[in-house]
Amino acid sequence: GAPVKGKAVPISQVSDPTFGEEILGKGVAIQPEDGKIYAPADGTIEMLFDTKHAVSMTTTEGVELLVHIGLDTVALKGEHFTAHKGNGDAVKKGDLLISVDLEAVKAAGYDVITPMVVCNTSDYQTVEAVTGSDVN
């Protein structure tokens with residue numbers, strides 16, 4: 001599932017090479033329409049970053065996912081982000097994980113594109129993103 005409502009685009013469109021060049025793994029990026037970040041699958045929160053700009057989880061199927069809200073947003077030190085779940089929490093697909101004031105993040109000069117990466121890509125024969133459409 002999608003972690004946020006918006007338009008799914010190829011991860012190669014992310015200007016940060018860590019994501020755009022798939023250094024962390026294959027995935028997708030979403031141009032978010034709102035600031036609600038949801039669990040894209042059932043699983044467990046492995047790490048909610050102290051700055052609340054990113055969350056990693058392991059799905060019940062063993063997929064290690066990283067959802068990163070915006071680029072370089074770690075520099076905001078949690079400002080404009082609110083966590084609704086924490087480390088070790090079990091989540092169901094669609095549970096609200098993080099709320100973010102996207103307009104405030106944009107006003108602070110940050111790109112809000114939101115990559116979602118399969119960090120254990122090498123465990124799978126293929127990882128394919130569905131892009132070019134609106135996701136919810």
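Start with the whole chain as a cartoon and trace it from the N terminus: the pattern you'll follow is β-α-β-β-β-β-β-β-β-β-α-β-β. That comes to two helices and eleven strands. The radius of gyration is 14 Å, close to the 14 Å that the globule rule gives for 136 residues, so the chain is as compact as a globular protein of that length. Keep in mind that you're looking at a predicted model. Switch to the C-alpha trace and line up the principal axes, and the span is about 40 × 30 × 25 Å. If you colour by accessibility, buried residues account for 46% of the 136.

**Stop one: the eight-stranded sheet**

Now pick out the open sheet of eight strands, which pair antiparallel in the order S8-S4-S5-S6-S10-S2-S1-S11. Which strands stand at the edges? They are S8 (90-91) and S11, and each has a single partner strand, so one side of each is left without a neighbour in the sheet.

Select residues 6-10 next, which is strand S1. Five bridges tie S1 to S2, and the two run antiparallel. S1 also pairs with S11 (residues 134-135), again antiparallel, this time through two bridges. Zoom in on Gly6 to see both pairings from one spot: its bridge partner in S2 is Pro32, and its bridge partner in S11 is Val135.

Then move along the sheet to S5 (residues 54-59) and S6 (residues 64-68), an antiparallel pair joined by five bridges. Show Val55 and you'll find Val67 as its bridge partner in S6.

**Stop two: the three-stranded sheet**

Hide that sheet and bring up the other one, an open sheet of three strands in the order S3-S9-S7, with antiparallel pairing. S3 (36-38) and S7 (81-83) sit at the edges with a single partner strand each, so one side of each has no neighbour in the sheet. From one strand to the next, the twist averages 20°.

For a close-up, select S3 together with S9 (residues 96-100): three bridges hold this antiparallel pair. Put Ile37 on screen as sticks and look across to S9, where Ile98 stands opposite.

**Stop three: the largest pocket**

Turn on a surface and head for the largest pocket, which holds about 430 Å³ of space. How many residues line it? There are 22, and Gly1, Leu65, Met116, Val118 and Glu128 are the ones nearest its centre. Two elements give two or more residues to this lining, S2 (27-32) and S10 (114-118). Colour the lining by residue type and it splits into 16 nonpolar, four polar and two charged.

**Stop four: two lysines with positive phi**

Last, open a Ramachandran plot beside the viewer. Most residues other than glycine have a negative phi, and two lysines go the other way.

Select Lys52, in the loop between S4 (43-48) and S5. Its phi is near 60°, a positive value in a residue other than glycine. Is its side of the loop buried, partly exposed or exposed? Lys52 is partly exposed, with a relative accessible area of 26%, where the partly exposed class runs between 20% and 50%.

Then jump to Lys77, in the loop between S6 and S7. Here phi is positive at about 55°, although the residue is not a glycine. Lys77 counts as exposed because its relative accessibility is 71% and the cut-off is over 50%.

Notes. Residues are numbered from 1 along each chain as its sequence is written. This is a predicted model: local features need pLDDT of at least 70, side-chain atom pairs count only at pLDDT 80 or more; totals for chains, interfaces and linings use all residues. Side-chain values use heavy atoms; hydrogens and water are left out. Two strands pair if DSSP finds at least two bridges between them. Helices (H or I, at least four residues) and strands (E, at least two) are DSSP runs, numbered from the N terminus. Axes are lines fitted to C-alpha atoms, for helices over the stretch in contact, and angles run from 0 to 180 degrees between N-to-C directions. On a 1 Å grid over the protein atoms alone, a cavity is a set of points where a 1.4 Å probe fits but cannot get out, and a pocket is an open set with protein on both sides within 12 Å along at least five of seven lines; lining residues have an atom within 4 Å of a point. Grid points are joined across faces, edges and corners, and a volume is the space filled by probe spheres set on the points. Ala, Val, Leu, Ile, Met, Phe, Trp, Tyr, Cys and Pro count as nonpolar, Asp, Glu, Lys and Arg as charged, and the others, Gly among them, as polar. The radius of gyration is taken over C-alpha atoms; the globule rule is 2.2 Å times the number of residues to the power 0.38. Buried means under 20% relative accessible area, exposed over 50%, partly exposed in between (1.4 Å probe, protein chains only).
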